[in-house]
Structure formats: C-alpha cells, structure tokens
Amino acid sequence: MFRKPISLALQGGGAHGAFTWGVLDRLLECPGFQPEAISGCSAGAMNAVVLVQGWQQGRAEGARAALARFWQALARESPLAWLALPDAGGLGDRLSFSWHELLLNTLARSAVADLNPLDINPLRDLLREQIDFEALRRAPIQLFLAATNVRSGQLRLMRNGELDLDALLASACLPQLHRTVAWQGEAYWDGGFCANPAIHPLVYEARAEDILLVLLQPALRTRLPETPPAIADRVAELGFGSNLLREMRAIALARRYAGRPRWWSGRLERRLGALRFHLLEPAEQLAELPRSSKYDTRATFLSQLHQLGRTHAEGWLEQAGPALGRRASIDLEQRFM
C-alpha cells in the first residue's frame, strides 16, 4: 500500500480533531506507512506531536497507543464531563446537540477574563504529562506547527528544534477561551488564523513526494446555509479555511508554470513536478454539526468521531491507495483553481 515515505498536513478543528485521530489510527495499521514530515495546526498540531512522540517509543503501534492515550485523557478532562452533561447522541442526529448548544456557544463567546480568570487549561497539564519535548526536538520526523503572531498577523512555523510546551499551546490558542500565549518574546494565537494547516513547508522543506491533506471540513460544500446559525458557522469555516485554499491555488499555479516546456529545469521545477497530492476529507455529516460541537470533548462524541475517521480512511485507502507512491490521487487545478 505505502511504497514510499509520506508527508501529512493535518487541519485543526477543536474536538473534531478526533476524526483525524481515527484517520491516523487506520493509516498506522498499514504496512509501509512512514510519515516523513507533518504540518499541523491547533488540533492537527496536537495529533502531529502525539503521533511523533509515540513513533519514537514504538513506531506505528507506539503512535497508535499514544494517540489513544491522549484523546482518552482529554475526554476525562472535558469541562462538559465536569458539569455532568449527558453524552451526545449519534453524529447524524443534529438535535442531540440542540439542548446544550446554548451553553457551548456561551463558552465560546465569553470573555476570557470572565470565563477563565485563573487561566485554567487542562490541555497544558495533559501535554506536560504525556509529551517529552526534549526527545521531540530530536525526532527524525519533521514537524511544522503553525501559530499566528498577534501583533503582526503573520504565520509563525515552529520546527522540531524549538518545540516546547508553550509553542504547542500557542498553535491551539483560541483567544475566546484561553489567554494569549507568550513564546520567545512574542504573543501568539491559534495557527488557523494564518494557515490551517501550512502546506508550503511540506513542498519546499520536506523530502517526501507524496503529500496527504487530512481535512476536518470538506473542500466543497453541496448544501447552502440558510438559517442564521448555519450562516454563522459557514462564515467561521470560510475564515479558517480560506488560507488553505489560497495556498493550494498558489501551489497549483507554481506547478503549472514549472511544467511549461523549456530548455532547462531547475531543482524547484523538478520538485514541484514530482509531487503527488492526496486528499482525505470528511463527508458533510461532520461539517454540518454545529460549530459548538468543536468544544465537546466528552468520551462518546470523541469515540464517534474516531470511528468516523477510521471508516473514511478505510474508504480512502480502497479508492486512492493504489496511487500512493505512483501518481497523485487528486487534480490540484480541478479542486483548488
């Protein structure tokens, strides 16, 4: 199935990152699966770091165990679990979220000083307990974690050699929920404001020729939003997804230019021409859940997302698996231009 090393681009999306956990869980079962570089943002950054941590300890099986340990521990720390709210119903039943959606939206919109005056962040203690950052900085798998510089609005990519707890928290810092993260003398918010996730380091700095994008929202939506909540959710999606669309369009244009006939071909042209892109995205079943569900980290909901991710990965492997290491399974110009 996997004939050559592969680079992964993992999108962020709060609790919906458990879908990516399921995807990775299935891919890690495949013979020959060898991640060479991973770009991640927010929940995608968490999945990336935890996978690499586990890979160092026991390769594929170690990575599977580390991911399960992280997400299961996150469910135990869920604020909604502390409030004794019942678990969500099936993913297809949007009404299962309606009765407590108001509470989740309140959590998302409240001022940080009012909601969390002591800056309590269970994720901080969880990462401190599970991640060996000193070992991570020596990991053979390249990491590119995105954060947004609050003052300049520019993307900051954090690589293996500089990773620490604050760097990882910066990549997932939603200012509505957590205080701004100070790292290396600058203030940072969630990387999704600039790149969700960043693709260019996998193109220009990594070596693998296969690049797999694992998204948490479909690149194309078939249903138009009509209600005010649906419109608000779509507006938020567009805000966090527009950077990825622009970057993929730029890469598609660069590949088109690099492929033009000429008497010479440089290293960059050869690299662009050799890349094979692949895309794994959820069905609209996930995208149509209310935005508030991204804050729902209770065990049953995360388990449902994990299983959904595994199911989608299985289908993707059947459809696109034969192309791995041989050809692209998506047409960039058709999908992103």
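## A walk from the core outward

Start by selecting Ile38, Phe70, Leu127, Leu143 and Leu145: of the 71 residues in the largest nonpolar core, these touch the most other members. A nonpolar core here is a set of buried Ala, Val, Leu, Ile, Met, Phe, Trp, Tyr and Cys residues joined through side-chain atoms within 4.5 Å. Buried means under 20% relative accessible area, exposed over 50%, and partly exposed in between, using a 1.4 Å probe and protein chains only. Helix 2 (residues 43–76) gives the most to this core, with 18 residues. Another core lies apart from the 71-residue one; it has 27 residues, including Ala9, Ala198, Ile199 and Phe277.

Before moving on, a word about what is on screen. This is a predicted model, in which local features need pLDDT of at least 70 and side-chain atom pairs count only at pLDDT 80 or more, while totals for chains, interfaces and linings use all residues. Residues are numbered from 1 along each chain as its sequence is written, and side-chain values use heavy atoms, with hydrogens and water left out.

Now zoom in on Leu145. Setting aside residues up to four places away in sequence, Leu145 touches Gly40, Ala45, Ala48, Val49, Arg156, Leu157, Met158, Leu163 and Leu168; contact means heavy atoms within 4.5 Å.

Next, select Gln130 in helix 6 (residues 122–130). Helices (H or I, at least four residues) and strands (E, at least two) are DSSP runs, numbered from the N terminus. Gln130 is buried, at 18% relative accessible area. Beyond its neighbours within four places in sequence, Gln130 is in contact with Gln53, Ala66, Arg69, Phe70 and Ala73.

Helix 1 (residues 17–27) is a good next stop: 11 of its 11 residues are buried. To see what covers them, show strand 1 (6–10), helix 2, strand 7 (210–214), strand 8 (276–280), helix 12 and helix 13 (299–320), which are among the covering elements.

Where is the cavity? Select His16, Leu216, Gln217, Asp233, Glu237, Leu286, Ala287, Leu289, Arg291 and Lys294, which line the largest cavity. Helix 10 (228–258) and helix 12 (284–287) are the elements that give two or more residues to this lining. On a 1 Å grid over the protein atoms alone, a cavity is a set of points where a 1.4 Å probe fits but cannot get out, and lining residues have an atom within 4 Å of a point. The structure holds 1 cavity of 30 Å³ or more, and about 70 Å³ of space lies in the largest. Grid points are joined across faces, edges and corners, and the volume is the space filled by probe spheres set on the points.

Turn to the backbone for the next picks. Most residues other than glycine have a negative phi, and most peptide bonds are trans. Ser42 has a positive phi of about 55 degrees although it is not a glycine; look for Ser42 in the loop between strand 2 (35–41) and helix 2. Ser42 is buried, with a relative accessible area of 9%. Gln184 also has a positive phi of about 55 degrees, in the loop between strand 5 (181–183) and strand 6, but Gln184 is exposed at 53%. Then find the cis peptide bond from Asn196 to Pro197, with omega near -5 degrees. Pro197 sits in the loop between strand 6 (186–190) and helix 9 (200–204).

Finish at Leu268 in helix 11 (residues 267–274), which is partly exposed at 44%.

How values were computed
On a 1 Å grid over the protein atoms alone, a cavity is a set of points where a 1.4 Å probe fits but cannot get out, and a pocket is an open set with protein on both sides within 12 Å along at least five of seven lines; lining residues have an atom within 4 Å of a point.
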